[in-house]
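Student: I am new to this structure and would like to begin in one place. Please choose a single part, look at it closely, and then show me how it sits in the rest of the chain.

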Amino acid sequence: MDGRRVASETRYGEVGAYVLVLCTCVSDLGVDLHSVYVGHPGTSTRVTHLALSGPPSQAASETAVYPEGDLPVVFARRRCLFDHLQRLQDELGGLGHEAGINVDDSGVSELEQPSSLWPL
């Protein structure tokens, strides 16, 4: 924004091995992006993005289907994160902001570790 850095926060949640949820908030700009990735080995990956900025009437959602090899939810969550961040960058660009996104490698490494929550 105007050539300066703006803070953001990305959180993730796992719902078993086959569902990954990523949520990023850029509070200074009033922009949120929520993405859900659902996939299983041998099937395509379905992605839904919900972009929030401005009044509720401007909320937008979209769904896409990718070949399993493009976004394998179970084995390459890093690619899901980068897809999410690219969608965020596109959303910010559509709002007139030129965005470059820096990623903390330790956070990416944590995302790729198997969850200790399964099996129950």
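**A salt-bridge network, and what surrounds it**

Tutor: Glu91 and Arg87 form a salt bridge, with 3.4 Å between their closest N and O atoms, where the term stands for a side-chain nitrogen of Lys or Arg within 4 Å of a carboxyl oxygen of Asp or Glu. Before going further, please keep in mind that this is a predicted model, in which local features need pLDDT of at least 70 and side-chain atom pairs count only at pLDDT 80 or more, while totals for chains, interfaces and linings use all residues. Residues are numbered from 1 along each chain as its sequence is written, and side-chain values rest on heavy atoms, with hydrogens and water left out.

Glu91 and Arg87 are separated by about one helical turn, because they lie 4 residues apart in helix α1; helices (DSSP runs of H or I, at least four residues) and strands (E, at least two) are numbered from the N terminus. Both of these residues are buried, a word that means under 20% relative accessible area, with exposed meaning over 50% and partly exposed what lies in between, for a 1.4 Å probe and protein chains only. For Arg87, the relative accessible area is 16%.

Arg87 has a further partner, since its side chain also meets that of Glu62 in a salt bridge of 2.7 Å, N to O. This pair links distant parts of the chain, for Glu62 belongs to strand β5 (residues 60-66) and Arg87 to helix α1, 25 residues apart. Whereas Arg87 is buried, Glu62 counts as partly exposed, at 38% relative accessibility. Through the partners that these salt bridges share, Glu62, Arg87 and Glu91 are joined into one network.

The count of salt bridges comes to 4. One of them pairs Glu9 with Arg11, where the closest N and O atoms are 3.2 Å apart. Here Glu9 is partly exposed, with a relative accessible area of 44%, and Arg11 is exposed, at 55%.

Helix α1 also leads us to the nonpolar interior. A nonpolar core is a set of buried Ala, Val, Leu, Ile, Met, Phe, Trp, Tyr and Cys residues joined through side-chain atoms within 4.5 Å, and the largest one has 17 residues, with Leu20, Leu22, Tyr37, Cys80, Leu81 and Leu88 making the most contacts inside it. At least two residues of this core are supplied by each of β2 (19-26), β3 (31-38), β4 (45-53), α1 (77-94) and α2 (105-112), and the largest share, 5 residues, comes from α1. In soluble globular proteins, nonpolar side chains tend to be buried together. Leu20 shows how such a residue is surrounded: leaving aside residues up to four places away in sequence, its contacts (heavy atoms within 4.5 Å) include Tyr37, Val73, Arg77, Cys80 and Leu111.

Val73 turns up again beside the loop between β3 and β4, which holds Gly39 and Ser44. Gly39 is buried, with a relative accessible area of 6%, and its C-alpha atom is 5.4 Å from that of Val73, although the two are 34 residues apart along the chain. Among the residues that Gly39 touches are Tyr18, Ser44 and Val73. Ser44, in turn, is partly exposed, at 30% relative accessible area, and it touches Val38, Gly39, Val65, Tyr66 and Glu68, again not counting residues up to four places away in sequence.

Stepping back, the protein chain has 2 helices and 5 strands, which follow one another in the pattern β-β-β-β-β-α-α. Its radius of gyration, taken over C-alpha atoms, is 15 Å, close to the 14 Å that the globule rule (2.2 Å times the number of residues to the power 0.38) gives for 120 residues, so the chain is as compact as a globular protein of that length. The C-alpha trace spans about 45 × 30 × 25 Å along its principal axes, and 28% of the 120 residues count as buried. Of the contacts with a separation of 6 or more, 41% are between residues 24 or more positions apart.
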